[in-house]
2 protein chains.
Amino acid sequence: MQKKWVTMGDVARAAGVGKITVSRALSTPAKVSAATREKVAAAVAELGYVRDDTAGALSSQRSRVVGAIVSTFDQPTFASTIRGLSEGLAQGGMHLLLGTTQYEPQTEAELVATLMGRRPDALILTSSEHRPETRALLTRAGLPVVELWELPDAPIFAAVGFSNRAAARAMTDHLVHTGRRAIAFLSTDRAHDTRAHMRAEGYAEALPGHAPRILRLPPRADATGPDYGSQGLAQIMETWPDTDAVVCVSDALAIGAFCEAGRRSLDVPGKLAITGFGDVPEVGASALGLTTIRIDGHAIGRKAAALTLAATSGQPLPERRIDMGFSLTRRASS
Amino acid sequence: MQKKWVTMGDVARAAGVGKITVSRALSTPAKVSAATREKVAAAVAELGYVRDDTAGALSSQRSRVVGAIVSTFDQPTFASTIRGLSEGLAQGGMHLLLGTTQYEPQTEAELVATLMGRRPDALILTSSEHRPETRALLTRAGLPVVELWELPDAPIFAAVGFSNRAAARAMTDHLVHTGRRAIAFLSTDRAHDTRAHMRAEGYAEALPGHAPRILRLPPRADATGPDYGSQGLAQIMETWPDTDAVVCVSDALAIGAFCEAGRRSLDVPGKLAITGFGDVPEVGASALGLTTIRIDGHAIGRKAAALTLAATSGQPLPERRIDMGFSLTRRASS
DNA sequence: CCGACTCATGGTATCGATACCATTCTTGCG
DNA sequence: CGCAAGAATGGTATCGATACCATGAGTCGG
């Protein structure tokens, strides 16, 4: 193989010093005299040298890489979490290695395995349901693992999120208190979307004594959030014609439901209240006047990054379950 | 340092073979007899072994990592591009290392340098404006570099995108042909957002002989897309009261403008047409009836992944500038 | 003036894998 | 039966950095 990259040895020769001195000049400049520091800097600039951090990771046993596994990119809220993570980790000199599971535990298991192959210093998971073999792999490695967007009772290592159950419950309570009598819940039906399941439970808890009206639509490859919302509302009004409120599991579904209500000339909020979940500014929830649960995805990402940096630098963590809360934003749709 | 990870040597000992045989059993199973293959598999399972791919990268000089640098996560369309990339690369056994520049060339330069430190097999950039030192670093390394979302005349290596200029021009033409006389253009004012600049140029080209009405709002830390849209429309109607159409540089701005129009009781599309750019289903442009330019961000990501896989496996590329096109979706707002 | 100490620097082993070459053992064919 | 070809396996050097220990020069206090 022909020589492709400039190495530390090349720089050392050009600067007339030992390569270990080059290493120090780059990592811990304080330990090197000003004169050599400058010689090294000149050689680096002249040769266009970029240190090979993977080799450094091998010998120092610290990769400065964090693996992140998210369920999906389709919910735009996750994008802001990734952004927060990426920003926060960059400040600590760490990089983000990314993968998506599409809510498949099998995919998650494979991704965890391939990401571990890169020897990350920590892992971030947006899910708290894991296969036994995944858990085994994670605990065996002894890595800091931060679970996001949920608050499991016993996190593997730490968790940053909020109670999906409490949030859905709060939303349903709000509808009950504003006089709604026949409240339905609309969701996509992914077996391993625990966040959606917790929200459905929160909804049901707020309606003791009532028969819950839960519609779960099977996922289709060609459908996007709003498609499920439209189709779902149609199906709900057919099954339970007296429904006067629909709690949607996400803003995307609520947006679709909103459109369908328009097509059916159902007055919102007069005849029907519609609520969402997420509230990312860029997504038109506010423009449409959608009542929704606001989650600060960016803050979750930043907090997770801070936790990760603390854990990898050996600091003790004050807390393992960090509740970032949620807030109910009431707008015109309820 | 205490021993943390199981190594290939441990597996070899447990299986009673040489470690090179373990390597072959995992990478090229065909070169190993069925009996040893099973012994190795058993040892791997028993010890919970995960191969260290960074060490492998060091000796094979192929990291199977692709670095991606995006301008921002705030435009949800980028999220779908990242999704396409991540999916496509995963199929080729490659991983995605991510960073964001926030439209700062300085940040881009730093990110390119730190990402190169991880010795990626390729780089993906969502921008085609680069600092001279960044270009030098990139060409010196001889890496495949794929630029996304634009179509520069001379890509560093390859580009997958569409003509922002042609798209904005098509939108403006549409407005002219539907009888609009006083068309304004609304954008945020980021010096290095070349996509926005190209769109402004396309807009101006479609109005020969007219004085273009371009409003650029300075970016603020606390503002999101819709905020600029609202504020921008207010300012436009004040500066040019007879404006009867606004071409917004993104859907997020259009959504904000839409709200502001409602607050001012400006009839859309009667008195004022509003158009956007992007059209991600989850964002609700369709629900609001927004006329917009549809870009298939996911397809751009997939295509870029395919190109990257081809380039890293040494295949010749049939094309270096791939135009993924755009389509104008007319809805109620124009 | 000398021992103890700090500061700057270098040498060598090591991290965990793969590349390359060598070796052994089969197998087929003249 | 003998030899060449090929399959399976192993040994050793190597990738490019850092860790650890050693060394030599200069400084300070007794």
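A polar contact here is a pair of N or O atoms within 3.5 Å. Keep that cut-off at hand for the first stops of this tour, which runs through a predicted model.

**Stop 1: phosphates of DNA strand D**

Select Thr36(B) together with DNA strand D. An N or O atom in the side chain of Thr36(B) lies 3.0 Å from a phosphate oxygen of the strand, so the pair falls within the 3.5 Å cut-off. Next, add Gly18(B): here a polar backbone atom is the partner, at 2.7 Å from a phosphate oxygen of DNA strand D. Then move over to chain A and pick Met8(A), where a polar backbone atom sits 2.4 Å from a phosphate oxygen of DNA strand D.

**Stop 2: the whole surface around the strand**

Now widen the selection to everything around DNA strand D, and you should have 25 residues, with Met8(A), Ser23(A), Tyr49(A), Ser59(A) and Thr21(B) as the closest. Of the strand's atoms that come within 4 Å of the protein, 66% belong to sugar and phosphate. Colour the surrounding residues by class and you get nine nonpolar, 12 polar and four charged.

Which helices should you show as cartoon here, each with at least two residues of this surface? Helix H2 (19-27) and helix H4 (53-60), in chain A and again in chain B. H4(A) deserves a click of its own, as it gives the largest share, five residues.

**Stop 3: where the two chains meet**

Hide the DNA for a moment and select the contact between the chains: 55 residues come from chain A and 55 residues from chain B. In chain A, the residues that lose the most area to chain B are Arg118(A), Arg119(A) and Glu282(A), which together make up 16% of what that side buries. For both chains, the buried area is about 5,200 Å², with 61% of it on carbon and sulfur atoms.

Stay with Arg119(A) and bring in Asp52(B): they form a salt bridge whose closest N and O atoms are 3.8 Å apart. The interface has two salt bridges by the rule used. The side of chain A that touches chain B holds 28 nonpolar, 14 polar and 13 charged residues. If you draw polar contacts between the chains, expect 14 residue pairs, both partners at pLDDT 80 or more.

**Stop 4: a strand from each chain**

Finish by selecting residues 95-100 in both chains. Strand E2 of chain A and strand E2 of chain B pair there in the antiparallel sense, over three bridges. Zoom in on Leu96(A), and you will find Leu98(B) of E2(B) opposite.

Terms used
Residues numbered from 1 in each chain as written. Chains lettered and ligands numbered in written order. Predicted model: local features only at pLDDT ≥ 70, side-chain atom pairs only at ≥ 80, totals over all residues. Heavy atoms only, no water. Near = heavy atom within 4 Å. Polar contact = N/O pair within 3.5 Å; in protein donor to acceptor, adjacent residues only side chain to side chain. Helix = DSSP H or I, 4+ residues; strand = E, 2+ residues; numbered from the N terminus. Nonpolar A, V, L, I, M, F, W, Y, C, P; charged D, E, K, R; others polar. Contact = heavy atoms within 4.5 Å. Buried area = accessible area lost by both parts, 1.4 Å probe. Salt bridge = Lys/Arg side-chain N within 4 Å of Asp/Glu carboxyl O. Pairing = 2+ DSSP bridges.
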